[in-house]
Amino acid sequence: MQAEREDLESSGSMGGIYNKSRKKRVAQDFELADSIPKRALGLMFRCGLKMPVLFVFDNRSRYSCSIHSLFVFFPFSAIFLDEGKRVVDVRIARPFVSFIIPKKRSKYLIEGKPELAELVRVGDVLEFGTG
């Protein structure tokens, strides 16, 4: 995970998120949740989102990347990806849901505005930091 984080950080301002399958930029930039406190806090207590947040998990599983939306006061998209950065599940999370588990094992999670979910489909391959 450390090497992966360094690769993302070496691209400067992260460089955005690109949908390779649809040849389309999904986001101009993103925030990297690169520490335990950032991953634990997630979107809780924020007033909104300026840019998507990318979570990189240590393990590829359904449960290690499950999320909740307790103390999140707005709906958001949750895009789960496997280790190949292929989208395996797309959800719109509503405020104060206690448990959201992806349909398949995941390594990455992108949380963003609900409209972000319209730019990807299950099976699409995404790229971080380029595009």
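This passage describes the fold, the nonpolar cores, the aromatic rings, one loop residue and the two main pockets of a predicted model.

A good place to start is the overall layout of the protein chain. Its secondary structure amounts to two helices and eight strands. Read from the N terminus, these elements follow the order α-β-β-β-α-β-β-β-β-β. The protein chain has 131 residues, and 43% of them count as buried. Contacts across the sequence are well represented: among contacts in the protein chain with a separation of 6 or more, 65% are between residues 24 or more positions apart.

The interior comes next. In soluble globular proteins, nonpolar side chains tend to be buried together. Here, the largest nonpolar core is made up of 18 residues, and Leu43, Ile67, Phe76, Phe80 and Leu109 have the most contacts inside it. At least two residues of this core come from each of β4, β5 (76-81) and β6 (87-93). Another core, of 16 residues, lies apart from the largest one and includes Ile17, Ile79, Val87 and Tyr108. Leu109 offers a helpful view of the surroundings within the model. Leaving aside residues up to four places away in sequence, Leu109 touches Val53, Leu54, Phe55, Phe57, Ile67, Ala78, Ile79 and Phe80.

Two of these neighbours of Leu109, Phe55 and Phe57, also feature among the aromatic rings. The structure contains five aromatic pairs. In one of them, Phe55 and Phe57 are stacked, with 6.3 Å from centre to centre and 10° between the planes. Phe55 and Phe57 are both buried. Elsewhere in the description of the rings, Phe30, Tyr108 and Phe128 are linked by ring pairs into a cluster. Tyr108 is also one of the residues of the 16-residue core.

Phe57 leads on to a residue in a loop. Ser64 sits in the loop between β4 and β5. Is Ser64 buried, exposed or partly exposed? Ser64 counts as partly exposed because its relative accessibility is 34%, a value between the 20% and 50% limits. Not counting residues up to four places away in sequence, Ser64 touches Phe57 and Asn59. Ser64 can also be placed relative to Ile101: the two are 37 residues apart in sequence, and their C-alpha atoms are 9.1 Å apart in space.

Attention can now turn to the open spaces. Rolling a probe the size of a water molecule over the atoms shows where empty space is left. The largest pocket holds about 220 Å³ of space. Its lining has 16 residues, and Arg39, Ala40, Ile67, His68 and Glu111 are those nearest the centre. Two or more lining residues come from each of α2 (36-41), β4 (53-61) and β7 (106-112). The greatest share is that of α2, which gives three residues. By type, the lining of the largest pocket comprises eleven nonpolar, three polar and two charged residues. Ile67 connects two parts of this account, as a residue nearest the centre of the largest pocket and as one of those with the most contacts inside the largest nonpolar core.

The second largest pocket has a volume of about 180 Å³. It is lined by 13 residues, with Val26, Ala27, Met51, Pro52 and Leu116 closest to the centre. Seven nonpolar, two polar and four charged residues make up this second lining.

Key
Residues are numbered from 1 along each chain as its sequence is written. This is a predicted model: local features need pLDDT of at least 70, side-chain atom pairs count only at pLDDT 80 or more; totals for chains, interfaces and linings use all residues. Side-chain values use heavy atoms; hydrogens and water are left out. On a 1 Å grid over the protein atoms alone, a cavity is a set of points where a 1.4 Å probe fits but cannot get out, and a pocket is an open set with protein on both sides within 12 Å along at least five of seven lines; lining residues have an atom within 4 Å of a point. Grid points are joined across faces, edges and corners, and a volume is the space filled by probe spheres set on the points. Helices (H or I, at least four residues) and strands (E, at least two) are DSSP runs, numbered from the N terminus. Ala, Val, Leu, Ile, Met, Phe, Trp, Tyr, Cys and Pro count as nonpolar, Asp, Glu, Lys and Arg as charged, and the others, Gly among them, as polar. A nonpolar core is a set of buried Ala, Val, Leu, Ile, Met, Phe, Trp, Tyr and Cys residues joined through side-chain atoms within 4.5 Å. Buried means under 20% relative accessible area, exposed over 50%, partly exposed in between (1.4 Å probe, protein chains only). Contact means heavy atoms within 4.5 Å. Rings of Phe, Tyr and Trp (its six-membered ring) pair if their centres lie within 6.5 Å; planes under 30 degrees apart count as stacked, over 60 as edge-to-face and the rest as tilted.
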